Amino acid sequence: MNPKQVFLSVLIFGVAGLLLFMYLQVWIEEQHTGRVEKKREQKATSGWDPINYLQPAPRIMITEKNQERSTNQQNPKFHMPEDLKEKKENLLKSQIPTAILTKTSHTQGENQALDKISGSSSTNKLTEKHQGTKTVFKKFNEMNWPLDIRPLNKSLVKDNKWKKTEVTQEKRRSFLGEFCKKYGGVGHPQSHLFHMVSRIYVEDKHKILYCEVPKAGCSNWKRILMVLNGLASSAFNISHDAVHYGKHLKTLDSFDLKGIYTRLNTYTKAIFVRDPMERLVSAFRDKFEHPNSYYHPVFGKAIIKKYRPNACEEALNNGSGVKFKEFVHYLLDSHRPVGMDIHWEKVSKLCYPCLINYDFVGKFETLEEDANYFLQLIGAPKELKFPNFKDRHSSDERTNTQVVRQYLKDLSRTERHLIYDFYYLDYLMFNYTTPVL
């Protein structure tokens, strides 16, 4: 074989090798793209990434960072940041979620996408379901969230005795709306939608959405919802266990996106709140000063182990006898030994009042009056009245200002200020008076 033939052979093999290399490169890129698309489809089908419910939601962390102070296991110490007052407004403006879920008109394509996500036929192809789900999430995220406050429908209120309550209600709604406008512009929800609505109970007959705030009359509100749903004839003969463990009521996160969006925009949305310090003390008394088969072993043991020096074996084993000061150390610790609980979680993280435009803002301090006015607004049966009995531990004095003062006196001034700081957003949102600390 002469040199010319050798050269041609090498050239041919080289060109063939180059072509093979180019083909393999294209094939590998196609395989990688396919895997990425498949992952995206799976993610769209299941909603968003799962949430760790034991950790604070990422967008509502007004002063959590200020709480990252060293905690000695034997002798926890808390330090009040000197520049805390100056930083609060900047923290609020930078960290409050500011989108409000209000009614937005759909195009025909959006309605088709919403219909597709609900799925009426079991024979739909999996790929079509994936595509429909992706379309819904895309359209849902593209919607605008105006900050307008929808006026309450008062056509069913016939009695003039509610005039004062009506005026108070308008002031509360207006105050909350202005607060949410002041501390941020219009944006998109940053939190997991299904998590945001997981505390909202649904009553379809009277078109009510009620966001549960524990220790603010929620047990009796659930009794009312059960009566409105036709699950009971009277709110006065429903047991505590039936209310909380019977699973008779639906929450908004049990619906698909279309069901959630429709209800948020057409139902009357109510939230009932309570003075944060009073709510905290009430939760402590209920869960730690009485026998409890869940809170003592789960929270009590962990709290005593970390915050009580030289704890006895019995306390470590059963978790009973947690002191309020120890409970406060747990609450303020950014590295808690056990996660948060809805009974002392901030309302801003339970109900997202600057993301969901609540039509009715009730307060525990005027609970019976507010609740009965609300029942008039939604056209409840005339004989249905809000129950005013104490759900549990009826022999105990209700937690009030005087009771709270007794518990706070065992804390240092710094600890009292840090509790206020922890619930700072709740105090501002609902116009509660700053406590004397």
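**Exercise 1. A residue in a loop**

Task: Decide whether A311 is buried or exposed in this predicted model.

Solution:
- Start by locating the residue: A311 sits in the loop between helix 11 (295-307) and helix 12 (313-318).
- Next, take its relative accessible area, which is 19%.
- Buried means under 20%, so A311 is buried.
- Finally, look at its surroundings: leaving out residues up to four places away in sequence, A311 touches I304 and L316.

**Exercise 2. A helix and its burial**

Task: Find which residues of helix 9 are buried, and say what this tells you about the helix.

Solution:
- Helix 9 covers residues 257-266.
- Go along the helix and pick out the buried residues: L257, G259, I260, Y261, R263, L264 and N265.
- That makes seven of the 10 residues, so helix 9 is largely enclosed by the rest of the structure.

**Exercise 3. Reading a sheet**

Task: Work out which strands stand at the edges of the five-stranded sheet.

Solution:
- Write down the strand order of this open sheet, 3-1-2-4-5, and note that the pairing is mixed.
- Strand 3 (250-251) and strand 5 (360-363) are at the edges; each has a single partner strand, so one side of each lacks a neighbour in the sheet.
- Now look at one pair: strand 1 (residues 200-203) runs antiparallel to strand 3, and two bridges join them.
- In this pair, Y201 has T251 of strand 3 as its bridge partner.
- A helix also packs on the sheet: helix 15 (residues 367-377) touches strand 2 (208-211), strand 4 (268-273) and strand 5, and its direction makes about 155° with that of strand 5.

**Exercise 4. Two helices that meet**

Task: Describe how helix 10 and helix 16 pack.

Solution:
- Helix 10 (residues 276-288) and helix 16 (residues 401-408) have axes 10 Å apart, at an angle of about 75°.
- Angles of 65 to 115 degrees count as roughly perpendicular, and these two helices are therefore roughly perpendicular to each other.
- From helix 10, M277, E278, V281, F284 and R285 meet T401, V403, V404, Y407 and L408 of helix 16.
- Sort these contact residues by type: seven are nonpolar, one is polar and two are charged.

**Exercise 5. Inside the core**

Task: Name the residues that touch the most other members of the largest nonpolar core.

Solution:
- This core has 72 residues, and the ones with the most contacts to other members are L252, I271, F324, F327, Y330, W344 and F430.
- Take F430 as an example: apart from neighbours within four places in sequence, F430 contacts L176, I271, V273, V347, P353, V361 and K363.
- Then check elsewhere: a second, separate core has 32 residues, among them I224, A235, L367 and I378.

Key. Residues numbered from 1 in each chain as written. Predicted model: local features only at pLDDT ≥ 70, side-chain atom pairs only at ≥ 80, totals over all residues. Heavy atoms only, no water. Pairing = 2+ DSSP bridges. Helix = DSSP H or I, 4+ residues; strand = E, 2+ residues; numbered from the N terminus. Contact = heavy atoms within 4.5 Å. Axes fitted to C-alpha atoms, helices over the stretch in contact; angles between N-to-C directions. Parallel < 35°, antiparallel > 145°, perpendicular 65-115°, else oblique. Nonpolar A, V, L, I, M, F, W, Y, C, P; charged D, E, K, R; others polar. Buried < 20%, exposed > 50% of the residue type's maximum accessible area, 1.4 Å probe, protein only. Core = buried A, V, L, I, M, F, W, Y, C linked by side-chain atoms within 4.5 Å.
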